[in-house]
Amino acid sequence: MQPRNMSMSGVVDLAAVKAAQEAKAKAEQARADAARQGGGGAVSPADLVIDVDEAGFERDVLQRSAEVPVVIDFWAEWCQPCKQLSPVLERLAVEYNGRFLLAKIDVDANQMLMQQFGVQGIPAVFAVVAGQALPLFQGAAGEAQIRETLDQLVAVAEQRFGLTGLTVDPDAEPGGAQAAAPTAPAGPYDALLEAAVQALDAGDLGGAVQAYKNVLSEDPTNSEAKLGLAQAELLQRVQGADPQQVRKEAADRPADVTAQIAAADLDLVGGHVEDAFGRLIETVQRTVGDDRDTVRLRLLELFEVVGGEDPRVAAARRALARALF
């Protein structure tokens with residue numbers, strides 16, 4: 001397994017847009033399969049912290065990540081900071097009552113996993129959500145920072161992938177049934193959302209855009225469709241663009257709204273989130289009237305793509321407010 005190095009906030013490059021959609025579909029399928037096979041039993045609090053090795057990684061981490069976010073604690077017996085951090089993570093795993101599962105990996109005994117995740121030093125904490133890996137933090141972080149990171153993780157897991165966690169029963173026997181999140185009944189727009197994912201897989205960006213718009217015409221607050229539409233429209237805008245030409249025009253014409261917006265789209269697709277936001281905020285400062293409003297609206301669309309919980313979005317919103325007022 002080669003982890004993806006992606007942020008919790010969402011998807012900003014071409015591959016990751018599809019990956020997030022595919023991961024959600026796989027997570028939903030895994031939960032449905034578990035339900036058909038009789039899964040869904042409660043776990044004991046002791047089952048919320050598990051030791052994982054290379055042999056059991058796929059079963060204990062990858063497969064479980066379709067049910068619940070799995071937080072990975074890379075540690076070693078000789079690591080003093082690990083002895084400070086690990087008990088905090090273990091206590092929070094129980095306190096969060098099944099909203100995440102803590103997997104402890106001894107790096108001395110599992111060198112391959114350490115290398116696959118690109119761990120440079122320990123303690124190091126990662127998460128796997130619906131098969132996708134992301135770094136959380138390195139070093140003995142303070143409890144307030146850990147809680148904030150975990151809160152973001154469980155929120156994204158629920159909002160983006162529908163992972164509501166495990167059912168915990170204090171009276172359950174340790175090592176008993178591994179619980180799957182209850183399988184929600186099919187929603188009225190599942191077929192349209194699946195059609196959008198299939199269109200993305202086929203490279204039919206226009207079809208994906210229309211499928212998401214069809215959902216939003218009936219349910220304007222559907223968060224999955226809003227995110228999918230923002231992502232698909234971004235990809236549609238940059239499709240076929242000549243990056244060198246777009247960037248040259250933006251450099252040559254700093255006051256040209258169209259040129260700056262096109263370059264910001266490319267920045268975001270390339271993963272340069274702060275560059276994209278900064279470019280448009282500077283353009284807002286240089287423009288007035290309809291031009292300024294055009295730039296502002298595009299910036300809000302890019303916020304939607306990245307995700308409102310991303311700290312870069314929060315910082316850019318504050319900068320935009322200062323530029324406007």
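**Group meeting: helices, sheet and disulfide in a predicted model**

Glycine 162 comes right after helix α5, and its phi is positive, near 70°. I start there since α5 takes up a good part of this talk. Before going on: what you have in front of you is a predicted model.

First, the overall picture. The chain has 13 helices and five strands. Of its 325 residues, 48% count as buried. Taking contacts between residues at least 6 apart in sequence, 72% join residues at least 24 apart.

Back to α5, residues 143-161. How does the span of this helix agree with its 19 residues? At 1.5 Å a residue they should span 27 Å, and the end C-alpha atoms are 26 Å apart, which agrees. The buried residues of α5 are Ile146, Thr149, Leu150, Leu153, Val154, Val156, Ala157, Arg160 and Phe161. Looking down the axis, these buried residues fall within an arc of 160°, so they line one face of the helix. The general background is that an α-helix has 3.6 residues a turn, so residues three or four places apart point the same way. On the face of α5 turned away from the buried side you find Ala144, Glu148 and Gln159, which are exposed.

What does α5 lie across? The answer is three strands: β2, β4 (residues 124-129) and β5, with the helix running at about 165° to β5.

That brings me to the sheet. It is open, has five strands in the order β1-β3-β2-β4-β5, and its pairing is mixed. The edges are β1 (49-51) and β5 (132-138); each has a single partner strand, so one side of each is left without a neighbour in the sheet. From one strand to the next, the twist averages 25°. For one pairing in detail, take β2, residues 70-75, and β3, residues 101-106: they pair in the parallel sense over six bridges. If you want a position to look for on screen, isoleucine 72 stands opposite alanine 103 in β3.

Next, the cysteines. By the sulfur distance rule the count comes to one disulfide. It joins cysteine 79 to cysteine 82, with S to S at 2.4 Å. The angle about the S-S bond is 80°, and the link is right-handed. Are these two cysteines buried or exposed? Both cysteine 79 and cysteine 82 are buried.

The last region is α11, residues 273-286. Its 14 residues should span 20 Å at 1.5 Å a residue, and the end C-alpha atoms are 20 Å apart, so the two values agree. Buried in α11 are Val273, Ala276, Phe277, Leu280, Ile281, Thr283 and Val284. They cover an arc of only 160° around the axis, which puts them on the same side of α11. Which helices does that buried set pack against? They are α10 (257-269), α12 and α13 (311-324).

Between α11 and α12 (289-306) there is a loop, and threonine 287 is found in it. Why does threonine 287 count as buried? Its relative accessible area is 8%, and the cut-off for buried is under 20%. Leaving out residues up to four places away in sequence, threonine 287 touches Val257 and Arg292.

To recap α5: its buried residues line one face, and the helix lies across β2, β4 and β5. That is where I stop.

Notes:
Residues are numbered from 1 along each chain as its sequence is written. This is a predicted model: local features need pLDDT of at least 70, side-chain atom pairs count only at pLDDT 80 or more; totals for chains, interfaces and linings use all residues. Side-chain values use heavy atoms; hydrogens and water are left out. Helices (H or I, at least four residues) and strands (E, at least two) are DSSP runs, numbered from the N terminus. Buried means under 20% relative accessible area, exposed over 50%, partly exposed in between (1.4 Å probe, protein chains only). Contact means heavy atoms within 4.5 Å. A disulfide is a pair of cysteine sulfur atoms within 2.5 Å. The expected span of a helix is 1.5 Å times one less than its number of residues. The arc is that of the directions from the helix axis to the C-beta atoms. Two strands pair if DSSP finds at least two bridges between them. Axes are lines fitted to C-alpha atoms, for helices over the stretch in contact, and angles run from 0 to 180 degrees between N-to-C directions.
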